[in-house]
Amino acid sequence: MEAASRAILWMTVWALLAVGAAALFVWVAPYYSTALWWELRRSLFWLLPLLGLLVVMIGWAVAIEESAWPSWPAWLFGIVGVSAFLFWAGWGHSYQQDQVYVASVAVTDAAAPMMEQRAPYVVAEAQARPTLGDSPGDIAATKYLPATKTFDTLVEARGWLAGYQTVLEQSIPLTGRGTGKRCEFTEEAGARSGGWFGHNLARIVAGEQRWVQFDGEDVYGFCDGDVPKVVMPLKELDGWMVVTERPAGVAVYDGHTGEVTIRPDGAGLLGPTYPITLAATQRGSTHALSDLWDYVFGRAGWEETDEEGDVNAANNSEFTLPVGERGGAYVTPLTGRGSATSISAISTIDATVTGDALATLTVHRLDPPWVSTSAVAQRIQADYQDIPNWQNLKILEIAPTDGTHWVATIGNDQNVLYRVSGTGTLQGDDATCLHRGDGTRIRCGTAADQQGAGIGTQYGPGSPAGPAPAPPDADLGALTNEQLVDLIRRAQEEAARRLTGPR
């Protein structure tokens, strides 16, 4: 009896020591304890079933060894158990996980909201480099802020033990080059996302609030006057055997003082507060809108456009666009799963929502569906290849403006020269329309075989007589140089004919 009491005492002592060591670890190492906690919880779905399977199989093996039990039930259980474990780890768990996310998805036939136009993301990235001046840093991220209608670029300082260098705020018009201003980080603010040791922002955030993390893709900066601010939308875990992520407020890093402030909401912030990575996860969960076997064989839900040579290849999902009074939304054109490339839906999710619950992702079905982005790009090329120097231009981005229309930009990486609007079905009188930077319409549709124009290269003249004649009511600013010269020539000939003709 005394030996048993002594054993219980030692077990209690060791348990208390283990609890004390864990508490000390959490207290002195909030960053590592948070990272370990996340990895452990996200691994429980396979750790616990595997542990249970091993315990049962070992126990059965011992029982068979010590008795005359037949071994075939153990082998049968092992085969069935391992198969069930592999199915759960491969499909069952991910399906249950997506079932949690898809509960926040609403599918509707209602029209998608109106979305304002903005300059293409690739142009903002390209213009950032020559606008940075003599800043000796490397671009980390560029985000669009609908509230200020600016593209803000976060620039890292060079070096292992360094933070951010500057934030570049660009106002980019719909055509041409934009203007930019910078706000600089001080030496007191020497941390960044993914930095080393004490220069890691995740360490500072964990010291302020444990058990939350942020994704580097969600981080962006903006200028609050001359003070740079770094915004980190936070996430936390929910569940045990089926673990999902939830929004958990926002961490804001002051680029002058180096302090981190945890906010339960994004009040006062100029940019998105909802994690874009979480929005992408919710969009992907539409694969679980049907039953398990539809999920396994890929028969349900939507996915982002992913054609070979897609114009939007650099940024084909979660467009951050100004939408109504909400300030901004993540918008994604969607195609059905399989070989179909037509755009059959558009998903939207509020980019500025706050709280600890999943925001509603709304999938707007399109009826009729749009053609693919590659079909739109080819139609634009066919209709407007007579644009001067077309061979040096390209289509930079095709973005939706509502549930019926899209807008595309034509230019080069540094400048947008024209914009083309059109219908998603490429049907109707305004299937495609070419616009100048100020929004004035140049024309709708092709000029080939119209008013004397040929159908050959660059829509040249249809006969040796000269360029396609300009209509009497033509906008002079829309005429080509050849058409303007031809119009002046014909006016002079008509004036001479009237002055010298019979009186």
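In strand β9 of this predicted model, Thr261 is the bridge partner of Val252. That pair is a good place to begin, since β9 and strand β8, which covers residues 244–254, pair in the antiparallel sense over 4 bridges. In general, the strands of a sheet are paired through hydrogen bonds of the backbone, and the pairing may be parallel or antiparallel. Here the two strands belong to an open sheet of 4 strands, arranged in the order β6-β7-β8-β9 with antiparallel pairing. At its edges lie β6, residues 220–224, and β9, residues 260–263, each of which pairs on one side only. From one strand to the next, the twist of this sheet averages 35°.

A second open sheet can be followed later in the chain, and it is built from 5 strands in the order β15-β16-β17-β18-β19, again with antiparallel pairing. Its edge strands are β15, residues 394–400, and β19, residues 441–444, and each of these pairs on one side only. On average, and with direction ignored, neighbouring strands of this sheet are turned by 25° against each other. Helix α8, made of residues 373–384, packs on the sheet and touches β15, β16, β17, β18 and β19, while its direction makes about 130° with that of β15. Towards one edge, strand β18, residues 432–435, runs antiparallel to β19 and is joined to it by 3 bridges; within this pairing, the bridge partner of Cys433 is Cys444 in β19.

Strand β17, which spans residues 416–423, contains Thr423. Is this residue buried or exposed? Thr423 counts as buried because its relative accessibility is 11%, and the cut-off for a buried residue is under 20%. If neighbours within four places in sequence are left aside, the residues in contact with Thr423 are Thr404, His405, Trp406, Asp430 and Ala431.

Strands β15 and β17 also appear in the surroundings of helix α4, for they are among the elements that cover its buried residues, together with β2, β3 and β4. The helix itself runs through residues 121–131, and its buried residues are Tyr121, Val123, Ala124, Ala126, Gln127 and Ala128. Just after α4 comes Gly133, which takes a positive phi of about 70°.

Another glycine, Gly163, is found in the loop between β3 and β4. Gly163 has a relative accessible area of 5%, and it is therefore buried. Not counting residues up to four places away in sequence, Gly163 touches Glu156, Ala157, Gly190, Ala191 and Arg192. Although Gly163 and Gly195 are 32 residues apart along the chain, their C-alpha atoms are separated by 7.0 Å.

At the surface, by contrast, Leu9, Trp10, Val13, Trp14 and Leu17 make a nonpolar patch of about 560 Å². One of these residues, Trp10, is found in helix α1, which covers residues 2–28.

The chain as a whole can now be considered, and it has 9 helices and 19 strands. Of its 503 residues, 43% are buried, while the chain exposes about 25800 Å², with carbon and sulfur atoms supplying 58% of that area. Finally, among the contacts between residues at least 6 apart in sequence, 56% join residues that are at least 24 apart.

Conventions: Residues numbered from 1 in each chain as written. Predicted model: local features only at pLDDT ≥ 70, side-chain atom pairs only at ≥ 80, totals over all residues. Heavy atoms only, no water. Pairing = 2+ DSSP bridges. Axes fitted to C-alpha atoms, helices over the stretch in contact; angles between N-to-C directions. Patch = residues over 30% accessible without salt bridge, like charges linked within 9 Å, V, L, I, M, F, W, Y side chains within 5 Å. Areas by Shrake-Rupley, 256 points an atom, 1.4 Å probe, with all protein chains shown as cover. Salt bridge = Lys/Arg side-chain N within 4 Å of Asp/Glu carboxyl O. Buried < 20%, exposed > 50% of the residue type's maximum accessible area, 1.4 Å probe, protein only. Contact = heavy atoms within 4.5 Å.
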